[in-house]
Amino acid sequence: MGDYRATFDHSISDPETFWRAAAEHISWRRAPEVILDDSNPPFYRWFPDAELNTSENALDRHVAAGHGDRVALIHDSPVTGSKSSFTYAELLDQVSRLAGALRTLGVDKGDRVIIYLPMVPEAVVAMLACARLGAVHSVVFGGFAAAELSARIDDAQPKVIVSASCGIEVNRVIEYKPLLDKAIELSAHKPEHCVILQRPQAEAPLNSPRDIAWSEAIADAEPVAPVTVAATDPLYILYTSGTTAKPKGVVRDNGGHAVALRWSMENIYDIGPGDVWWTASDVGWVVGHSYIVYAPLIVGATTVLYEGKPVGTPDAGAFWRVIAEHKVTALFTAPTAFRAIKKEDPKGDLLSSYDVSSLRTLFLAGERLDPDTWEWATERLGLPVIDHWWQTETGWPIAANLRGLDPMPIKPGSPTVPVPGWDVRVLDPSGSEAAPGAEGAICIRLPLPPGSLPTLWNDDERFVASYLSAFEGYYLTGDGGYVDEGGYLYVMGRTDDVINVAGHRLSTGTLEAVLSGHPAVAECAVMGVHDDLKGQVPRGLVVLKAGADVDPEQLRRELVQRVRDEVGAVASLRLIDVVAALPKTRSGKILRRTLREIADGKTPMVPSTIEDASVLDALRPTLQSPS
Ligand code: COA
Ligand code: AMP
């Protein structure tokens, strides 16, 4: 195994030789000669003269190497009571036929395709089919409501949308088709076609000729060979929450992404061909893109796609069952999932019913891993429990305890050290490096490594304004934290208006826009407050318009429903109070951070710029009691 310090130092002092070596593990149509184009800072492009196809790297090359019979994908679906698996050869066949079907519908290199699907194998097939054609997919999480889907349709302007008749949440069937129809109705841009996977739990009426059933679309489809794309061509757009209501379209390129993910599987996760790898997340999130779909397939591992929950499908032993049945080598999920298991089965009694001896490592990310949850998982499993930190924008981990390099001690509460490639610096407000132990803005010195976002979709300006303008030469992660004397990084939370609910990233701005849309609401503030299960949940404070005559309980119900209808149930906004006024600075900015800290039981310093301190004092009793 390699030495962390030497590997890290090499990646920073000479990134070109570092990434040139990593790139050798990828099958190129045209191998890179130039590694980094840094001629137009702050925009950097990796492997600017190279060409490849990502689906060829995920599928064809394993089949060509004689591994067609190896299992590529296991679908385990307690919500439908079904299990199935696909070898590399079978997955390749499905992907090339769906690519043929999409091509018949007019999808070509560079065209966008929105994928709005639950956790079914067809989601993986659709992503890889787009990659095969050089088309740009944009997967939208199935838990988002019509308005959120519509915002993404208008921004990405897809030629085709691939969706399903329904998803299943534990034992509740969620019809997707009415949500899709509503989203298209709300959008200025109209897709030419929708390919709909009919699921037996709820078949959907189709609006011909726009809608085509998946089975019909692939019936006579000719398999398509992988199209050559530039390494710098976009593979996908993934929308994520920013500080305003408009989501950010994070762009991922083909070449840097393939190289970085391949490197991460070996060096961070220590996973290779034939290992069974399970990421219990959703294909709609970045964790799902990178580590359910692309990375495990690029390295030739078996990936598990789980359509279920950690609890309730049917109980808190579900994860142990999946590990035992499929002989999972490593599991990656969000801390929330473990908090949910711990809540239902505090002693971990259900674990003794299953043989989980195949499991080597548990990886957790997506939100802060609290030391209690780390300790519980470590004690129950008797295995390394690895916290690692990353973001939609970065596409792969920024900080981790790298399992493919020489072992490093784990310190609970810290995701350990910066991953090679990521020159992490904690900066104080003046832009100087903070002393060890002192909190500041966690930033990354440019250039970011391969696989990280090159820009935002059609919005270079917002890319620069959001991430690159706070400190020149640095990417601003939006997280605050510190580095200790031993070089371990501690990520303490967002410094902006992004909140993290059960590992789902949401913008308080989006929720505020929905609450403000209610006719009785004059203004509002939404903040993330601590929640034992979900890490954070949103809490809303609303001020009524003068003369509004509403029953506060009725208003609360209406506001909760509005958020469910316009953002989605995942927002989990249930805590809402009607208040007389909101505390502001003299320039009119609502003091959200101060409010949040009081709600979390802290005693914040009240900014000297507060306009009227009595407004805050009047709110304290409300904030300090549960809503
Ligand atoms: N489609 C439709 N609705 C969805 C959905 C989807 N794909 N995913 C979640 N929802 C709904 C849920 O049904 C729930 O609805 P309800 O309010 O009517 O009950 C709501 O959104 C909130 O869902 P969730 O956040 O999942 O909370 P929960 O209370 O149902 O479950 C956990 C709690 C901890 C079990 C669950 O959050 C979990 O499994 N978390 C793992 C986190 C994760 O994988 N994060 C991904 C990043 S790595
Ligand atoms: P997302 O883009 O949805 O992956 O969310 C990214 C955000 O989740 C980060 O900016 C952090 O705030 C938070 N996050 C992810 N992983 C961790 C972690 N291991 N520790 C602390 N916060 C995390």
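Helices and strands here are DSSP runs, numbered from the N terminus. Keep that in mind for the loops below, and remember that this is a predicted model.

**Exercise 1. Find the loop that holds Val170, and say what stands out about its phi.**

Step 1: Look for the strands on either side. Val170 sits in the loop between β9 (166-169) and β10 (172-175).
Step 2: Check the backbone angle. The phi of Val170 is positive, about 60 degrees, although this residue is not a glycine.
Step 3: Set that against the general pattern. Most residues other than glycine have a negative phi.

**Exercise 2. Which peptide bonds leading into Pro42 and Pro209 are cis or trans, and where do these prolines lie?**

Step 1: Start with Pro42. Pro41 and Pro42 are joined by a cis peptide bond, with omega about 5 degrees.
Step 2: Place Pro42 on the chain. You'll find Pro42 in the loop between β1 (36-40) and β2 (43-46).
Step 3: Now do Pro209. The bond from Ser208 to Pro209 is cis too, and its omega is near 0 degrees.
Step 4: Place Pro209 as well. Its loop runs between β11 (193-197) and β12 (211-213).
Step 5: Bring in the general rule. Most peptide bonds are trans.

**Exercise 3. Describe how domain 1 and domain 2 meet.**

Step 1: Get the pieces straight. Domain 1 covers 4-308 + 388-480, and domain 2 covers 504-623.
Step 2: Count who takes part. Domain 1 brings 17 residues to the contact and domain 2 brings 14 residues.
Step 3: Look at the area. The two domains bury about 1,100 Å² between them, with 50% of it on carbon and sulfur atoms.
Step 4: Hunt for charges. The rule finds 1 salt bridge across this interface. For the pair Glu393 and Arg505, which form a salt bridge, the closest N and O atoms are 2.9 Å apart.
Step 5: Zoom in on domain 1's side. Helix α6 (residues 146-156) gives the most to the side touching domain 2, with 3 residues. That side divides into 7 nonpolar, 8 polar and 2 charged residues.
Step 6: Add the polar contacts. Between the domains there are 4 residue pairs of this kind, both residues being at pLDDT 80 or more.

**Exercise 4. Which residues come nearest to ligand 2, and what touches its nitrogen atoms?**

Step 1: List the neighbours. Of 15 residues around ligand 2, His388, Thr392, Asp479, Arg494 and Arg505 come nearest.
Step 2: Check the backbone partners. A backbone N or O atom of His388 lies 2.7 Å from a nitrogen atom of ligand 2, and a polar backbone atom of Gly366 is 3.1 Å from a ligand nitrogen atom.
Step 3: Check a side chain. Asp387 has a polar side-chain atom 2.8 Å from a nitrogen atom of ligand 2.

Definitions and conventions: Residues are numbered from 1 along each chain as its sequence is written. Chains are lettered from A and ligands numbered from 1 in the order in which they are written. This is a predicted model: local features need pLDDT of at least 70, side-chain atom pairs count only at pLDDT 80 or more; totals for chains, interfaces and linings use all residues. Side-chain values use heavy atoms; hydrogens and water are left out. Domain bounds come from an automatic or database domain assignment. Contact means heavy atoms within 4.5 Å. Buried area is the accessible area (1.4 Å probe) that two parts lose on being put together, summed over both. A salt bridge is a side-chain nitrogen of Lys or Arg within 4 Å of a carboxyl oxygen of Asp or Glu. A polar contact is a pair of N or O atoms within 3.5 Å; within protein, one must be able to donate a hydrogen and the other to accept it, and residues adjacent in sequence count only if both atoms are side-chain atoms. Helices (H or I, at least four residues) and strands (E, at least two) are DSSP runs, numbered from the N terminus. Ala, Val, Leu, Ile, Met, Phe, Trp, Tyr, Cys and Pro count as nonpolar, Asp, Glu, Lys and Arg as charged, and the others, Gly among them, as polar. A residue is near a molecule or strand if one of its heavy atoms lies within 4 Å of it.
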